[in-house]
Amino acid sequence: EPNWYHGLEYPKEQERGYDFVEDLYVPGYFEVDIKKGESIVFSAGISEVATRQLKKNFQVEVDDRTPRDSFLNCLINSAHQFHNKQGDKHYIFAGYPWFKCRARDLFMSLPGLTLDIDESDEFESVMNTAQLAIRNFIKDVPIDCNITEMEHPDVLLWAVWAIQMYAKATSYEQCRLKYGDLLEEIMDFIRKEKHDNLFLHDNGLIYSNGTGKAITWMNSTVDGHPVTPRTGYIVEFNALWYNALRFVAD
């Protein structure tokens, strides 16, 4: 009983500015008799497959996934859904599946999505991509990967914080070997005020201008103007700056 359902509308997609009308095809339903304790592997696709391989392919997929048999494992599965690999690049989506990879969200969420579930190798994989974006931004050359909003003044500070979390999860020596040079580049970039909206004043605090553009996590805008303009010694920026100074000193 195959059917086409035409013109389905998704109001939330419309609010987000995405395509919100589509047709859905329903192939029908399938029935099969099985005995108690018997397992059936069902495959649906747009081309024929070798049925003898289905059970093996299914088991490979099962073995690669964390079973959803506990609250912790459900959280681990949820964490994995934010990862996005494109060729040799590894990203973290800012919101699954609606958003792209946004720099601030990447560094804020990276420790929790990797280190807190004992996946330091995944942290390193993401950072291999992220540090390319950081260095390209510092050098003022086009960012050769799909990480957006690198220009926000707190992004580099969140990057330092993420690296600090890596040091705590592994060791300070391992962190120094992997990311010591990157940390020096970031701190030197900030101290020399090379960022066009992050200024180190004589009182030791950092200053940013958010009048014309939303520059913090409070980024709601109306007609291109921030709803909550934040200018001055923004509290979380300076907390991150103080944390960065202590971390580098250690």
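In this predicted model, the buried residues of helix α3 pack against strand β3 (83-86) and helix α4 (103-113). The helix spans residues 71-80, and its buried positions are Asn-73, Ile-76, Asn-77 and Ala-79. Viewed down the axis of α3, these buried residues fall within an arc of 160°, so they line one face of the helix. Two asparagines, Asn-73 and Asn-77, thus appear on the buried list together with Ile-76 and Ala-79.

Strand β3, one of the packing partners of α3, also takes part in a pairing of charged side chains. Lys-85 and Glu-122 meet in a salt bridge, with an N to O distance of 3.9 Å. Glu-122 lies in helix α5 and Lys-85 in strand β3, so this salt bridge ties together parts that are 37 residues apart in sequence. The two partners differ in their exposure: Glu-122 counts as buried because its relative accessibility is 17%, under the 20% limit, whereas Lys-85 counts as exposed because its value of 54% is over 50%.

Helix α5 contributes a further acidic residue, Glu-124, which forms a salt bridge with Lys-178, the closest N and O atoms being 3.9 Å apart. Lys-178 belongs to helix α7 (residues 172-191) and Glu-124 to helix α5, so the pair links parts that are 54 residues apart in sequence. Here too the acidic partner is the buried one, Glu-124 having a relative accessible area of 17%, while Lys-178 is partly exposed at 42%.

The surroundings of Glu-124 deserve a closer look. With residues up to four places away in sequence left out, Glu-124 touches Tyr-166, Gln-174, Lys-178 and Tyr-179. One of these neighbours, Tyr-166, is joined to Glu-124 by a polar contact of 2.6 Å between the side chains. The side chain of Glu-124 therefore takes part in a polar contact with Tyr-166 as well as in the salt bridge with Lys-178, and it does so from a buried position, because 17% relative accessibility is under the 20% limit.

Side chains of opposite charge can pair when their charged atoms come close. The count of salt bridges in the model comes to 13. Another of them joins Glu-61 and Arg-65, whose closest N and O atoms are 3.6 Å apart. Glu-61 has a relative accessibility of 42% and so counts as partly exposed, a value that lies between the 20% and 50% limits.

Turning to the backbone, two aspartates merit mention for their phi angles. Asp-140 has a phi near 60°, a positive value in a residue other than glycine. This aspartate is found in the loop between α5 (120-138) and β6 (147-148). With a relative accessible area of 70%, Asp-140 is exposed, because that value is over the 50% limit.

Asp-223 has a phi near 55°, again positive in a residue other than glycine. The loop that holds Asp-223 runs between β9 (221-222) and β10 (225-226). Asp-223 is likewise exposed, with a relative accessible area of 73%.

Methods:
Residues numbered from 1 in each chain as written. Predicted model: local features only at pLDDT ≥ 70, side-chain atom pairs only at ≥ 80, totals over all residues. Heavy atoms only, no water. Helix = DSSP H or I, 4+ residues; strand = E, 2+ residues; numbered from the N terminus. Buried < 20%, exposed > 50% of the residue type's maximum accessible area, 1.4 Å probe, protein only. Arc of directions from axis to C-beta. Contact = heavy atoms within 4.5 Å. Salt bridge = Lys/Arg side-chain N within 4 Å of Asp/Glu carboxyl O. Polar contact = N/O pair within 3.5 Å; in protein donor to acceptor, adjacent residues only side chain to side chain.
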